[in-house]
Each structure stands twice: as C-alpha cells, then as structure tokens.
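Have a look at the model below and turn it around a few times. Let's start with its empty space, then move on to what surrounds that space.

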Amino acid sequence: MEKHREHYRIDREVDASVESVFAALLGLIGGPEDAPTYARLGNPPPHGPGALVVFELQGYELHEVCVELEVPRKRRYRMVSGAPVDHYEALTEVAPRGDGTLLTWQGWTEDADSEVSRAWNKLARESIGRAVEIVAARAEQA
C-alpha cells in the first residue's frame with residue numbers, strides 16, 4: 001500500500017544565542033500544567049534518547065519519543081502513539097546566524113490516507129508554529 005507523505009518546515013531567526021534558543025526549546029517540556037511532560041526520562045536524563053513525552057493536542061493524547069539529541073544543536077523525535085497517522089517525526093535544529101540563531105523545526109507525516117496525512121500535517125504545523133514563537137520569545141528574554 002502506497003503512503004502519502006507531507007512535510008513542513010518553519011525557519012525562525014531569533015535574537016539570542018544558540019544555547020539560549022536550545023534551552024528554551026527543551027524548556028517547552030515539563031513547564032506549566034498544559035505543557036508536555038515526561039512519562040519516562042531519557043539517557044542522559046531528562047531529555048536524551050528514549051525520553052517519552054506525553055501531551056494533549058486537540059483531543060489527541062500524544063506520546064512522542066526522543067530518538068536523537070545533540071545539545072545544543074539538534075533534537076529529533078517521533079510519535080509512538082496517539083496520532084491518527086501511520087508515522088510522524090520531527091527535527092529541530094539551531095545554528096548560528098549572524099549575531100543570533102536560526103531555529104528550524106520540520107516534520108514529516110506519512111499515512112495511507114492522503115486526507116488524514118494532510119490534516120495531521122496542518123495541525124502539527126500550526127502547533128509547532130506556536131511553539132516556535134514561544135521558544136523565540138523565551139530565548140530573547142533570557
């Protein structure tokens with residue numbers, strides 16, 4: 001059966017150091033009550049590979065696992081349950097850009113149903129777009 005693939009990419013220049021942006025990115029987990037929380041710590045704790053993050057997004061209880069972490073440059077994760085698609089993974093990267101940092105967050109959705117894949121990708125992109133703005137604001141205030 002052929003899978004339909006969707007991709008999004010958000011690039012955001014942030015007036016802060018790479019370290020501040022990455023710290024703000026990791027700070028999205030375990031924050032306020034409505035923030036994603038760790039159900040299992042990774043190696044190294046808490047953010048490393050194997051870390052299981054649980055959160056709700058528009059009625060879906062999502063479970064994502066960190067599969068790669070390179071502090072302060074990169075975090076890759078994938079959904080292991082809760083999403084209505086066969087596969088979803090995302091990659092966040094930060095890199096120096098001039099006097100600041102370029103934050104790139106991109107995701108891939110794959111499902112046999114193109115409408116389901118498209119709809120999930122749209123929801124993920126909107127959610128990640130809000131997260132990118134939160135990360136930028138927190139890093140610039142640090």
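On a 1 Å grid over the protein atoms alone, a pocket is an open set of points where a 1.4 Å probe fits, with protein on both sides within 12 Å along at least five of seven lines, and its lining residues have an atom within 4 Å of a point. Points are joined across faces, edges and corners, and a volume is the space filled by probe spheres set on them. This is a predicted model, where local features need pLDDT of at least 70 and side-chain atom pairs count only at pLDDT 80 or more, while totals for chains, interfaces and linings use all residues. Residues are numbered from 1 along each chain, and side-chain values use heavy atoms, leaving out hydrogens and water.

So, the largest pocket holds about 620 Å³ of space. It is lined by 29 residues, and Leu28, Pro36, Phe55, Ser127 and Ala131 are the closest to its centre.

Which helix gives the most to this lining? That's H2, with eight residues. H2 runs over 114-141 (helices are DSSP runs of H or I, at least four residues, numbered from the N terminus). Its 28 residues should span 40 Å at 1.5 Å a residue (times one less than the number of residues), and its end C-alpha atoms are 40 Å apart, which agrees. Ser127 and Ala131 are among the buried residues of H2 (under 20% relative accessible area, 1.4 Å probe, protein chains only). At the N-terminal end of H2, Asp113 acts as a cap, with a side-chain oxygen 2.9 Å from the backbone nitrogen of Glu115.

Methods
Helices (H or I, at least four residues) and strands (E, at least two) are DSSP runs, numbered from the N terminus. Buried means under 20% relative accessible area, exposed over 50%, partly exposed in between (1.4 Å probe, protein chains only). A polar contact is a pair of N or O atoms within 3.5 Å; within protein, one must be able to donate a hydrogen and the other to accept it, and residues adjacent in sequence count only if both atoms are side-chain atoms.
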